[in-house]
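Visitor: Hi, could you walk me through this one? I'd like to start with how the chains meet.

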Protein chains: 2
Amino acid sequence: MTRDELYGNIMRKKSFLCVGLDTDIRKIPGHLLDREDPVFEFNKAIIDATADCCIAYKPNLAFYESDGMKGMQSLYRTVAYIRKNYPDQFIIADAKRGDIGNTSKMYARCFFEDMKTDAVTVAPYMGQDSVTPFLGYDGRWVVLLALTSNAGAADFQYIQAPDGTPLYQSVLQKSLQWGGNADNMMYVVGATRAEMLTDIRRTVPDSFLLVPGIGAQGGSLADVCRYGMNSKCGLIVNSSRAIIYADSTENFAAVARQKAQQVQQEMATYLK
Amino acid sequence: MTRDELYGNIMRKKSFLCVGLDTDIRKIPGHLLDREDPVFEFNKAIIDATADCCIAYKPNLAFYESDGMKGMQSLYRTVAYIRKNYPDQFIIADAKRGDIGNTSKMYARCFFEDMKTDAVTVAPYMGQDSVTPFLGYDGRWVVLLALTSNAGAADFQYIQAPDGTPLYQSVLQKSLQWGGNADNMMYVVGATRAEMLTDIRRTVPDSFLLVPGIGAQGGSLADVCRYGMNSKCGLIVNSSRAIIYADSTENFAAVARQKAQQVQQEMATYLK
């Protein structure tokens, strides 16, 4: 998907919501557990209920890998289901991969050729050759970790070089020298400190930012939009638990839809 | 596996070699391709041929994930085969995972409960809560990326804080505050700049270091031992391509064995 297509979807649906499919078999409604593939059935119901409120889905690989082969099968089925039934959805494999060049190339093949997602999250610690293999695919995206929303983000991401540049800024700056640009790279920027978005926008004014930490993790959508939005929206805001686990009864999908719609309606006001 | 057990295996076998199972279906001998699971057959032959020369195996997840569900099946079968037939082998899932706390917990479950490896490589960028969930398993290990062997390592890992501490040293230091110690945590330290091992040993004198970059990536085993060995060896040295792809004929396993044995024999001289 190109940046213009993504922006087109955002304006048409008045939404820049990404629904995080962090599906844990231990947390889904009990009545699904006797199905052949409960995780897929849960995802399918969530997707059917929320697809017109959001522009992206982000399955986190950990939740599927932790169920072994069966979990991976649920993931593949989920991605294929979205691809077939909702082709305008942007699919992000939240995998946080990154390895030496020839190995990252294998990961790129996994997500872009085999699983066929639009984007994959990548960790920057190993530098240029760990990231560039993901950039060689037309219309596919790297979502590079810059500033994450967890407590541990403070351990390294804020460390300043002697010239005062914090590590997350070095990541943004270097990525632009690696061939990353607003058409093939986005950045994970946690919502917990929205005012830092101003600083980030100076380095990557046109790029999309994938913002986790709205909802369960406590960030404010208004602040994210105030500091992070650009002329082509430039934001994909993720919510996982606050939507998919909003209800644990047979009514879970309808409640998930209500939650997603609430976020979408708030988003519509910021897109005006 | 405890540190003493690992050290015991090293002294008994006079080897601290880890064979990297970076098995790419595009690179294995042609005669295997008509088998039902060529990747597993290749691994099985390599393992049977090299098991008495090495103390660890390290499958890199990317090579299996890139073949989708089939590749993951080959990986699970490989780990189970080693576990059953060579229970003294230390198995490292080279996955370079790392995510927010509740997600890292799922990854830990994947590798330690489902796949049943002894260790998993973890990327430090997201800090404490991305690493500690892997530490809650007796006899299981985190192998934390500190200084990697690729060119991109220079992009961020050497960045110095105002007090002169390079990022890879901050990673070592912080990990010790997180509950990491010589009995539950090792570090990836690339062999390309072996003299830096002296510096690393000051911070983590007793810890095992997993050293990639011997062989195809060009590091020197003698230098690694000179600068990195401690009183209980403290080194696991990995070689992947130089062993497993040393020959591409039907004779590949025998040649892999020769290569592994050469390394083991050199290692034996350093263990005296």
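Guide: Happy to! One term up front: a polar contact is a pair of N or O atoms within 3.5 Å; within protein, one must be able to donate a hydrogen and the other to accept it, and residues adjacent in sequence count only if both atoms are side-chain atoms. This is a predicted model, where local features need pLDDT of at least 70, side-chain atom pairs count only at pLDDT 80 or more, and totals for chains, interfaces and linings use all residues. Residues are numbered from 1 along each chain as its sequence is written, chains are lettered from A and ligands numbered from 1 in the order in which they are written, and side-chain values use heavy atoms, with hydrogens and water left out.

Visitor: How many residue pairs are in polar contact between chain A and chain B?

Guide: There are 24 such pairs, with both residues at pLDDT 80 or more.

Visitor: Which element gives the most to chain A's side?

Guide: That is α5(A), with 8 residues. Helices (H or I, at least four residues) and strands (E, at least two) are DSSP runs, numbered from the N terminus. By class, the side of chain A that touches chain B has 27 nonpolar, 16 polar and 14 charged residues. Here Ala, Val, Leu, Ile, Met, Phe, Trp, Tyr, Cys and Pro count as nonpolar, Asp, Glu, Lys and Arg as charged, and the others, Gly among them, as polar.

Visitor: How much area do the two chains bury?

Guide: About 4,900 Å² between them, 62% of it on carbon and sulfur atoms. Buried area is the accessible area (1.4 Å probe) that two parts lose on being put together, summed over both. In chain A, the residues losing the most area to chain B are A:M69, A:Y125 and A:F156, together 18% of what that side buries.

Visitor: And how many salt bridges cross over?

Guide: The rule (a side-chain nitrogen of Lys or Arg within 4 Å of a carboxyl oxygen of Asp or Glu) finds 4 across the interface. A:E65 forms one with B:R97, their closest N and O atoms being 3.0 Å apart.

Visitor: New topic: what turn lays chain A on chain B?

Guide: A turn of 180 degrees, with a shift of 0.0 Å along the axis and an RMSD of 0.0 Å. The two copies are thus related as by a two-fold rotation axis. For this, copies are superposed by least squares on the C-alpha atoms of residues with pLDDT of at least 70 in both.

Visitor: Back to salt bridges, how many over all chains?

Guide: The structure holds 38 over all chains. One of them joins A:D223 and A:R226, at 3.1 Å between the closest N and O atoms. Both residues lie in helix α10 (residues 221-228) of chain A, 3 residues apart, about one turn of the helix.
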